[in-house]
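Good morning, everyone. Please bring the structure up on your screens, and let's walk through it together.

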Amino acid sequence: TVIDIQNIGYGLAAGSLVGSYDIVSNKFKAKTGLGLGLSPTSPEGGGNYIGTEVNFNLLYKPKVFMDLELHAAYLWLGYFYDSPVINGDMTSRPQNPWTLFATLKWIMF
């Protein structure tokens, strides 16, 4: 179950830093990001710190209007998720989520 914390009254304050570098100009790029989330209000049994995410992206352009991308992300959950109210009345804390996926974008005329 996914809960949108903004719609249950806890709010969200977030910030992010993103950096990228062209390894080969207009052909191969690396990009990374870092994000931090805080809640202005703590749920019962939890804290304000929602979590920190780090993500990474590699982009390769084999042809004009064709992109191959590899994405990876990991989220360290904060004390906010110690609350059973947020976790669907579960007493255990959820595991830190991660994802890894590839995409192909091709615009053909």
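Let's start with the surface. The accessible surface of the protein chain is about 7,700 Å². Carbon and sulfur atoms own 62% of that area. One caution before we go on: this is a predicted model.

Now, burial. The protein chain has 109 residues, and 23% of them count as buried.

Next, the secondary structure. How many helices and how many strands does the protein chain have? Zero helices and five strands. Read along the sequence, the pattern is β-β-β-β-β. What about the overall spread? The radius of gyration of the protein chain is 18 Å. The globule rule gives 13 Å for 109 residues, and 18 Å is well over that, so the chain is more spread out than a compact globule. Look at the spans too. Along its principal axes, the C-alpha trace covers about 55 × 25 × 25 Å.

Contacts next. Take the contacts in the protein chain with a separation of 6 or more. Of these, 49% join residues 24 or more positions apart.

A word on charge. The protein chain carries 7 positive and 8 negative charges. How far apart are their mean positions? The answer is 19 Å.

Now to the rings. The structure holds five aromatic pairs. One of them is F28 with Y60. Their ring centres are 6.5 Å apart, and the planes meet at 70°. That makes the pair edge-to-face. Where do the two residues sit? F28 is in strand β2, residues 28-38, and Y60 is in strand β3, residues 49-63. So this pair ties together parts that are 32 residues apart in sequence. Are the two residues buried or exposed, or in between? F28 is partly exposed, at a relative accessible area of 27%. Y60 is partly exposed as well, at 35%.

There is also a ring cluster to find. Ring pairs link Y10, F80 and Y81.

Move to the loop between β1 and β2. β1 covers residues 13-24, and K27 lies in this loop. K27 is partly exposed, with a relative accessible area of 31%. Which residues does K27 touch, once we leave aside its neighbours within four places in sequence? They are L59, Y60, K61 and P62. Notice Y60 in that list. We met Y60 a moment ago, as the ring partner of F28. Now take L59. K27 and L59 are 32 residues apart in sequence, yet 7.9 Å apart in space, C-alpha to C-alpha.

Stay in that loop for one more residue. N26 is there too, between β1 and β2. Its phi is near 60°. That is a positive value in a residue other than glycine. N26 is exposed, with a relative accessible area of 64%.

Last stop: D89. Where is it? D89 lies in the loop between β4, residues 66-77, and β5, residues 98-106. Phi of D89 is near 65°, again positive in a residue other than glycine. D89 is exposed, at a relative accessible area of 66%.

To wrap up, keep three things in mind. The protein chain has five strands and zero helices. It is more spread out than a compact globule. And F28 and Y60 tie together parts that are 32 residues apart in sequence. Thank you.

Conventions: Residues numbered from 1 in each chain as written. Predicted model: local features only at pLDDT ≥ 70, side-chain atom pairs only at ≥ 80, totals over all residues. Heavy atoms only, no water. Helix = DSSP H or I, 4+ residues; strand = E, 2+ residues; numbered from the N terminus. Rg over C-alpha atoms; globule rule 2.2 N^0.38 Å. Buried < 20%, exposed > 50% of the residue type's maximum accessible area, 1.4 Å probe, protein only. Contact = heavy atoms within 4.5 Å. Areas by Shrake-Rupley, 256 points an atom, 1.4 Å probe, with all protein chains shown as cover. Lys, Arg positive; Asp, Glu negative; His and termini not counted. Charge placed at Lys NZ, Arg CZ, Asp CG, Glu CD. Phe/Tyr/Trp six-rings, centres within 6.5 Å; stacked < 30°, edge-to-face > 60°.
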